[in-house]
Amino acid sequence: MIIQNMLRLFTFHISLLTFVFCAFSQGNESGDDFIPVNKEVKHSTVFGVMGMNEVYDSYISPYAFNDGVDFRVQRETARMTKLWGGRVSNQSFIDVNVSSDLMTEGGPEWYTAGLRYGQGWLYNFHDCNVVNPAEHSARKWNYAAGLQASGYLGGVYYDRSGNNPGQIKFDVTVNATGILAYTIHRRKHRPIVLSYQLTFPLMGIAFSPNYGQSYYEIFELDNNDHNAVFVNTFNMPSNRHRFLVDIPIRRGELRLGYDVQINQAKINNLEYYNHSIDFVIGFTKYFTRR
Amino acid sequence: MKAFKYNILSIASMLLPLLCLYSCIVVEDEPFDNSNKGNFEALWKIMDEHYCFFDYKKQELGVDWNEVHVRYAAQVNEDMKREQLFEVLCNMLAELKDGHVNLSAAFDYGRNWSFFEEYPQNYNDSIVQLYLGRDYRIASGLKYKLLEDNIGYVRCETFVDGVGDGNVSFMLDYLASCSGLIIDVRGNSGGEITRAHTLASHFTNEKVLIGYYSHKTGKGHKDFSKPVAEYLEPATDGYRWQKPVIVLTNRECYSACNDFVKCMKQCPDVTILGDHTGGGSGMPFNSEIPNGWGVRYSAVVFYDAEMNQTEFGIDPDIFVQMSGTDTEQNLDTYIETARKMMASE
């Protein structure tokens with residue numbers, strides 16, 4: 001098990017290093033490339049509908065609850081900044097999620113709700129522009145990678161009495177994030193942009209009760225026992241994926257896609273996961289900052 | 001061409017961490033199937049990994065949980081009916097003699113209530129009603145009355161009701177002229193521990209050590225956190241009682257009520273009178289097995305101020321049993337003994 005984890009860690013770091021090396025070495029070759037600072041701001045709002053959800057929290061139950069529905073709203077703002085010669089883009093988002101699940105038909109219900117806020121800064125490699133690749137990049141493939149700071153506050157509640165009916169979920173993490181966009185040019189029409197974004201936590205702090213610790217002990221008796229836990233890619237192997245298609249319609253864009261979130265943690269001998277897949281639909285619009 | 005190679009390599013290396021992440025995905029332990037064997041194994045494992053009194057029960061009752069598995073696994077087969085499986089599982093749990101360990105199905109509630117069922121009740125509701133009469137007051141579940149000999153009588157049947165500082169203070173204000181107070185918690189099988197502490201906090205002027213607690217930190221039977229001291233803070237809202245108090249207990253005083261007695265033992269000028277309490281010092285958690293039956297088990301250990309277990313109850317300061325002669329005369333031996341003690345003081 002230890003060897004497996006070490007191999008994972010090794011592969012993970014080597015791949016990250018390769019990525020950084022490739023990107024920067026190519027970046028240096030064409031170091032004179034200059035992307036003018038863009039005052040354009042992209043706003044997008046999408047609604048996750050027809051979502052599927054599966055939740056497991058060993059603090060509450062030894063079983064996964066998966067017969068449920070999921071609803072999600074995401075608001076995102078992206079723009080290019082002046083940082084690093086105008087190569088860095090900023091992305092901020094709010095992601096609100098509500099879901100309910102069942103283990104067995106007619107059995108108790110499990111509710112999940114949470115809000116994640118994040119701010120990310122991504123380096124746009126070469127002469128890429130992932131904010132508005134259709135307008136500001138000559139490339140078909142545009143990609144950017146960087147860091148994101150995010151915070152999550154939410155909880156799970158199980159419709160059952162007792163001293164362990166729910167869990168508070170709170171974390172503040174620094175994440176790695178990358179965007180890959182592909183532009184499909186069309187005659188007489190504005191291009192369609194396909195994009196994929198991957199985000200996963202590198203390190204941070206998360207709240208968790210200890211294995212058999214009650215919330216009464218934490219909040220009534222004020223006893224903390226490793227309740228603020230250092231988390232990293234391996235004890236919080238979460239990853240979030242967004243597959244999007246931006247289709248120009250009049251002045252804006254119709255946004256369709258899938259949001260896949262694999263939120264999971266293994267801390268204080270407790271295991272948790274919340275897997276969700278949402279079909280998202282919304283709109284994107286560009287505004288000019290003054 | 002070179003740029004293309006770099007692009008491909010960059011993208012590929014960006015996706016490689018994804019494969020690593022998927023390889024360390026969190027999955028639940030291998031779930032047991034919804035068969036008789038599966039449900040038996042699931043229940044045994046939930047208890048094995050979460051129950052907090054295995055060492056103590058081994059010491060006091062000789063319960064070896066692995067041996068229990070061998071013995072009861074032999075009794076489970078796929079031909080058993082639902083009720084038969086329920087009976088076997090309840091028998092297995094009953095080995096622990098813990099009132100907080102239950103199996104609940106839609107058709108029955110598995111329990112071990114031997115902590116009071118095997119002992120005299122030492123309580124007669126009809127006789128207590130004679131003491132209360134019809135003109136008693138009720139403050140959020142606390143029934144109280146001024147007896148003829150200027151002694152206050154408080155009947156606290158449960159800690160499920162939301163007793164607050166205001167309720168207790170109004171009651172103490174009404175009984176302020178009494179020479180002493182009798183708090184009758186017989187038959188009180190618990191409720192919210194915070195409510196028990198709220199009531200107890202009106203009987204001390206200083207912060208007092210009431211015990212220690214320790215929770216499980218892992219699946220092992222010995223995986224516990226370091227015991228932490230637990231204190232009772234004096235009530236800051238309302239009145240605090242400054243005269244003698246006698247708490248009446250019987251074997252049905254369980255869980256939060258057992259904790260109340262534990263707290264009152266540390267308060268000044270308080271005497272515990274009656275029978276040994278029922279115990280139930282573990283804080284219960286809930287879980288379930290594949291067929292949907294609910295499981296309740298003790299998860300957090302609470303000790304008394306001397307680090308003794310109170311799982312099997314607390315001794316009173318003065319042992320009293322209900323007298324048949326008193327009962328025939330519609331007298332409650334506990335209340336009469338307490339009144340005599342108050343009078344002599």
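## The chain B sheet

Two strands count as paired here if DSSP finds at least two bridges between them. With that in hand, take strand β9 (residues 245-249) of the predicted model's chain B. Parallel to β9(B) runs β6(B), and four bridges join the two. Across that pairing, B:Asp184 stands opposite B:Leu248 in β9(B). β9(B) also runs parallel to β10(B), this time with five bridges. B:Leu248 turns up again here, with B:Leu273 as its bridge partner in β10(B).

Now zoom out to the whole sheet. It is an open one with seven strands, in the order β3-β4-β5-β6-β9-β10-β13 of chain B, and the pairing is mixed. Which strands sit at the edges? They are β3 (137-139) and β13 (318-319) of chain B, and each of them pairs on one side only. Elsewhere in the sheet, β5 (residues 151-156) and β6 (residues 180-184) of chain B make a parallel pair over five bridges. In that pair, B:Gly152 has B:Leu181 of β6(B) as its bridge partner.

## A strand buried on both sides

How much of β9(B) is covered? Five of its five residues are buried. B:Val245, B:Val247 and B:Thr249 point one way, B:Ile246 and B:Leu248 point the other way, and all are buried. So what about B:Leu248, the residue with bridge partners named above? B:Leu248 is in the group that B:Ile246 belongs to, pointing away from the side taken by B:Val245, B:Val247 and B:Thr249.

## A buried threonine in a loop

B:Thr249, at the end of β9(B), is one of the contacts of B:Thr277. B:Thr277 lies in the loop between β10 (270-274) and β11 (282-288) of chain B. Buried or exposed? At 1% relative accessibility, B:Thr277 is buried, because the cut-off for buried is under 20%.

The side chain of B:Thr277 makes a polar contact of 2.6 Å with the side chain of B:Asn258. Beyond its neighbours within four places in sequence, B:Thr277 touches a string of other residues, including B:Asn250, B:Arg251, B:Cys253 and B:Val261, plus B:Phe312, B:Gly313 and B:Ile314.

## The nonpolar cores

In soluble globular proteins, nonpolar side chains tend to be buried together. The largest nonpolar core in this model has 57 residues, and the ones touching the most other members are B:Leu43, B:Met47, B:Trp65, B:Leu103 and B:Ile289. Where do the members come from? Domain 1 (36-112) and domain 2 (125-281 + 302-344) of chain B each supply at least three residues. Apart from that core there is another, of 36 residues, and its members include B:Val154, B:Val168, B:Cys178 and B:Ala196.

## Helix α4 of chain B

B:Trp65, one of those well-connected core residues, is also in helix α4 (residues 65-73) of chain B, where it is buried along with B:Val68, B:His69, B:Tyr72 and B:Ala73. Looking down the axis of α4(B), the buried residues fall within an arc of 115°, so they line one face of the helix. An α-helix has 3.6 residues a turn, so residues three or four places apart point the same way.

What does the buried set pack against? The partners are α2 (36-50), α3 (54-61) and α5 (82-94) of chain B. At the start of α4(B), a side-chain oxygen of B:Asp64 comes within 3.0 Å of the backbone nitrogen of B:Asn66.

## Two positive phi angles

A couple of non-glycine residues have positive phi. B:Lys97, in the loop between α5 and β1 (102-104) of chain B, has phi near 45°. A:His126 has phi of about 50°, and is in the loop between β4 (109-124) and α3 (133-136) of chain A. Their surroundings are another matter: B:Lys97 is partly exposed at 38% relative accessibility, while A:His126 is buried, with a relative accessible area of 1%.

## A look at chain A

Chain A has four helices and eleven strands, and 57% of its 290 residues are buried. Among chain A contacts with a separation of 6 or more, 66% are between residues 24 or more positions apart.

A:Met203 gives a local example. A:Met203 sits in strand β7 (residues 189-207) of chain A and is partly exposed, with a relative accessible area of 45%. Its C-alpha atom is 8.6 Å from that of A:Met236, 33 residues apart along the chain. Neighbours within four places aside, A:Met203 contacts A:Thr173, A:Val174, A:Phe230, A:Val231 and A:Asn232.

Key. Residues are numbered from 1 along each chain as its sequence is written. Chains are lettered from A and ligands numbered from 1 in the order in which they are written. This is a predicted model: local features need pLDDT of at least 70, side-chain atom pairs count only at pLDDT 80 or more; totals for chains, interfaces and linings use all residues. Side-chain values use heavy atoms; hydrogens and water are left out. A nonpolar core is a set of buried Ala, Val, Leu, Ile, Met, Phe, Trp, Tyr and Cys residues joined through side-chain atoms within 4.5 Å. Buried means under 20% relative accessible area, exposed over 50%, partly exposed in between (1.4 Å probe, protein chains only). Domain bounds come from an automatic or database domain assignment. The arc is that of the directions from the helix axis to the C-beta atoms. Contact means heavy atoms within 4.5 Å. A polar contact is a pair of N or O atoms within 3.5 Å; within protein, one must be able to donate a hydrogen and the other to accept it, and residues adjacent in sequence count only if both atoms are side-chain atoms.
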